[in-house]
Amino acid sequence: MKNEPCCKLCGSNRIFDFFQLPPVPTQDGVMMTTKVEALAAPKGQIDLRFCKDCGYIRNEGYDPSKISFDDYDFSNDHSPIFKAFVNELCDRLVEDYDLKGKTILDIGCGDGVFLNTICEKGNNKGIGIDPGFDHSKRKLFDQADVTFSREYYSEQHRHLKPDFMACRLVLDLLEDQTEFLKMIRANLEDCPDTILYVEVPNALYTFEERIIWNVVYEHGAWYTPESFAFQFEQCGFEVLNVSPCWNDEFLGIEVRPRAMDINAQLPNKANIQKLHDTVLGFNQDFESMMSFCNDKLDKIRKNNTKTIAWGAGARAVTFFNLFDLEKEIPVIVDINNKRHGKYLPGSGHEIVAPEFIIDYAPDLVLITNPTYAEEIKTQVKELGINPDFWVL
Ligand SMILES: [Zn+2]
């Protein structure tokens, strides 16, 4: 509910709003089939609230009725460096938890690449549950013993009793994380040895590094390693490991069920104070970031610099909705072929394949996600173009 007077995680009333963004599209994982549809995409306000007792950050503007996972296409799996990350993550999990010949359940499995990888590596049996799963992709996974079901995970799945459960980049998108984790915990009541692995964006990375463009509507909740661990302890799990991963942008946690009646310890006060100062600084730096971008865009206009953007992910959605760049940057390149010919929600920018830049021959390529900067620069050079780069 909006404007609740207390923290959703620890119940404290020592909370304050620290960052607002004007209405931005509510879904950055859904590209639109027409420009008209893209321009009319649902929007919502971002209004971040910080808890001074546990460090939990929540988007109070979040309205779950504006989010649908049915056509969701959040997938980085087209990128070689992301593939390498998934590969290493699966190697580590198989090794640490002896996942060989086991049953793996992946909640919100997306296109199934993670599930397929972990099943192939340990000869495991996989079950993927995702309301947006595209069954035409099933044929890609003929080698592994995996099944997919196009539905939401719920109490109805209690009978599954997996040895290992994964839930990657889903928890933060839900309205009530506590309710969801308690449902998982109840489903695991007879499975004391099941390991649960959950991944979310890392609040420390976004707020300490001032990655304004990472603040998207869909992230209803933001966690630090400590508040993340606290969230699981509150819901009846024992935390085995919590650590940043994927260039520190994500947090991964491994937990297993434990008795429900343990009082979880609040995160360390000094660390919360540090985070409190960080979020205040983030808001101040937002204004200077906006001036920096405006100056840069003025130069592009003045010099008539032929510019194209690369990367139609979440950061692009936020960026192109804060600046009106229909003329200056008319199209966005993306390597995900499912996005080609579609349009960015809110701004209506057309998404094109990398080869588009061969004829277009831009003077400047705006890279919307710094994590992929080196990979993108290499791809641009391989296409025979030698532009300048602006990395957001
Ligand atoms: Zn709190």
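**Exercise 1. Place Ile 104 in the fold and decide whether Ile 104 is buried or exposed.**

Step 1. Ile 104 sits in strand β4, residues 103-107. Strands (E, at least two residues) and helices (H or I, at least four) are DSSP runs, numbered from the N terminus. A word on the source: this is a predicted model, in which local features need pLDDT of at least 70 and side-chain atom pairs count only at pLDDT 80 or more, while totals for chains, interfaces and linings use all residues. Residues are numbered from 1 along each chain as its sequence is written.

Step 2. Now apply the burial rule: a residue is buried if 20 or more other C-beta atoms lie within 10 Å of its own, exposed if 12 or fewer, and partly exposed in between, with C-beta atoms placed from the backbone. Ile 104 has 28 C-beta neighbours inside 10 Å, so Ile 104 counts as buried.

Step 3. Look for contacts, meaning C-beta atoms, placed from the backbone, that lie within 7 Å. Leaving out residues up to four places away in sequence, Ile 104 touches Leu 99, Leu 115, Ile 118, Cys 119, Asn 124, Gly 126, Pro 162 and Phe 164.

**Exercise 2. Describe how α2 and α3 pack.**

Step 1. Two packed helices are described by the angle between their axes and the distance between the axes. Here α2 (residues 80-96) and α3 (residues 113-122) meet at about 45°, with axes 9 Å apart. The axes are lines fitted to C-alpha atoms, for helices over the stretch in contact, and angles run from 0 to 180 degrees between N-to-C directions.

Step 2. Classify the angle: under 35 degrees is roughly parallel, over 145 roughly antiparallel, 65 to 115 roughly perpendicular, and the rest oblique. The two helices, α2 and α3, are therefore oblique to each other.

Step 3. List the partners. From α2 come Val 86, Asn 87, Cys 90, Asp 91, Leu 93 and Val 94, and from α3 come Val 113, Phe 114, Thr 117, Ile 118, Lys 121 and Gly 122.

Step 4. Sort the residues in the contact of α2 with α3 by class: 7 are nonpolar, 3 polar and 2 charged. In this scheme Ala, Val, Leu, Ile, Met, Phe, Trp, Tyr, Cys and Pro count as nonpolar, Asp, Glu, Lys and Arg as charged, and the others, Gly among them, as polar.

**Exercise 3. Find how many residues of α8 are buried, and what they pack against.**

Step 1. In α8 (residues 314-322), 8 of the 9 residues are buried, leaving the helix mostly covered. Among them are Arg 315, Phe 319 and Asn 321.

Step 2. The buried residues of α8 pack against β1 (15-25), β12 (307-310) and β13 (331-333).

Step 3. Zoom in on Ala 316: not counting residues up to four places away in sequence, Ala 316 touches Ala 309, Gly 311, Ile 332, Leu 344 and Thr 368.

**Exercise 4. Check phi and burial for Trp 246 and Asn 247.**

Step 1. Most residues other than glycine have a negative phi. Phi of Trp 246 is near 45°, a positive value, and phi of Asn 247 is near 60°, also positive.

Step 2. Trp 246 lies in the loop between β10 (237-245) and β11 (250-257), and Asn 247 is found in the loop between β10 and β11.

Step 3. Trp 246 counts as buried because 20 C-beta neighbours lie inside 10 Å. Asn 247 has 14 other C-beta atoms within 10 Å, so Asn 247 is partly exposed.

Key: Contact = placed C-beta atoms within 7 Å.
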